[in-house]
Amino acid sequence: MSKDSVSERIIGFLLSNEGKDVLQSELWKELGLTSKELSKALKKLEEEGVIKREPVTYKGKRTYRITLVADTLARVQKTGLQAGRLGKLVVSKLVDEVLDIPCVSCPFINRCYEGGFYDPVNCQFINEWVLRHGQTKRTR
Ligand code: SF4
């Protein structure tokens, strides 16, 4: 398996499991890699600033919790690390999140402003979305 596709699979997995604990000791099994392949790819991604690893103890063994850094897309573009395909993965995740915001499909958007009848500060759709979004992030 190429080094690039290993990195892509790692990032794809982290994107689709955002908010969950992803542990190095479990990730290689999830991705069908050897522990050595995973370790090497993670080290490179960490050096490039795409992910971060925090030491944790799981089932009595030391491992790492792996998370994407907040500005992964910028990092991916900066490092040129498979910018096309990885960028698309990140962008598609961001687009999904943006399209989910109620204002995108709201019929009142042209009449909505602060202090108006439709007001983002008191919007029921936004409040419900924030609650739903917060719950989704916590339960994933
Ligand atoms: S804030 Fe509420 S009313 Fe205003 S555009 Fe967004 S969803 Fe619509």
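**Figure 1. Order of helices and strands in the protein.** Read along the sequence, the elements follow the pattern α-α-α-β-β-α-α-α. The model shown is predicted. It contains 6 helices and 2 strands. The two strands are β1, residues 51–58, and β2, residues 61–68.

**Figure 2. Burial, contacts and surface of the protein.** The protein has 140 residues, and buried residues make up 32% of them. Among contacts with a sequence separation of 6 or more, 49% are between residues 24 or more positions apart. The accessible surface of the protein is about 9300 Å². Carbon and sulfur atoms account for 55% of that surface.

**Figure 3. K59 in the loop between the strands.** The view shows the loop that joins β1 (51–58) to β2 (61–68), where K59 is found. K59 is not a glycine, yet its phi is positive, at about 50 degrees. K59 counts as exposed because its relative accessibility is 68%, and the cut-off for exposed is over 50%.

**Figure 4. Residues around the ligand.** The ligand is surrounded by P102, C103, C106, I109, C112, P120, C123, F125 and I126. Cysteines in this shell are C103, C106, C112 and C123. The prolines are P102 and P120, and the isoleucines are I109 and I126. F125 is also part of the shell. By class, the shell has 9 nonpolar residues, no polar residues and no charged residues.

**Figure 5. The pocket that holds the ligand.** The space taken by the ligand is a pocket, the second largest in the protein. Residues around the ligand in this view include C106, I109 and F125.

Technical notes. Residues are numbered from 1 along each chain as its sequence is written. This is a predicted model: local features need pLDDT of at least 70, side-chain atom pairs count only at pLDDT 80 or more; totals for chains, interfaces and linings use all residues. Side-chain values use heavy atoms; hydrogens and water are left out. A residue is near a molecule or strand if one of its heavy atoms lies within 4 Å of it. On a 1 Å grid over the protein atoms alone, a cavity is a set of points where a 1.4 Å probe fits but cannot get out, and a pocket is an open set with protein on both sides within 12 Å along at least five of seven lines; lining residues have an atom within 4 Å of a point. A molecule sits in a cavity or pocket if more than half of its atoms lie within 2 Å of its grid points. Ala, Val, Leu, Ile, Met, Phe, Trp, Tyr, Cys and Pro count as nonpolar, Asp, Glu, Lys and Arg as charged, and the others, Gly among them, as polar. Helices (H or I, at least four residues) and strands (E, at least two) are DSSP runs, numbered from the N terminus. Buried means under 20% relative accessible area, exposed over 50%, partly exposed in between (1.4 Å probe, protein chains only). Contact means heavy atoms within 4.5 Å. Accessible areas come from the Shrake-Rupley method with a 1.4 Å probe; for residues, only the protein chains shown count as cover.
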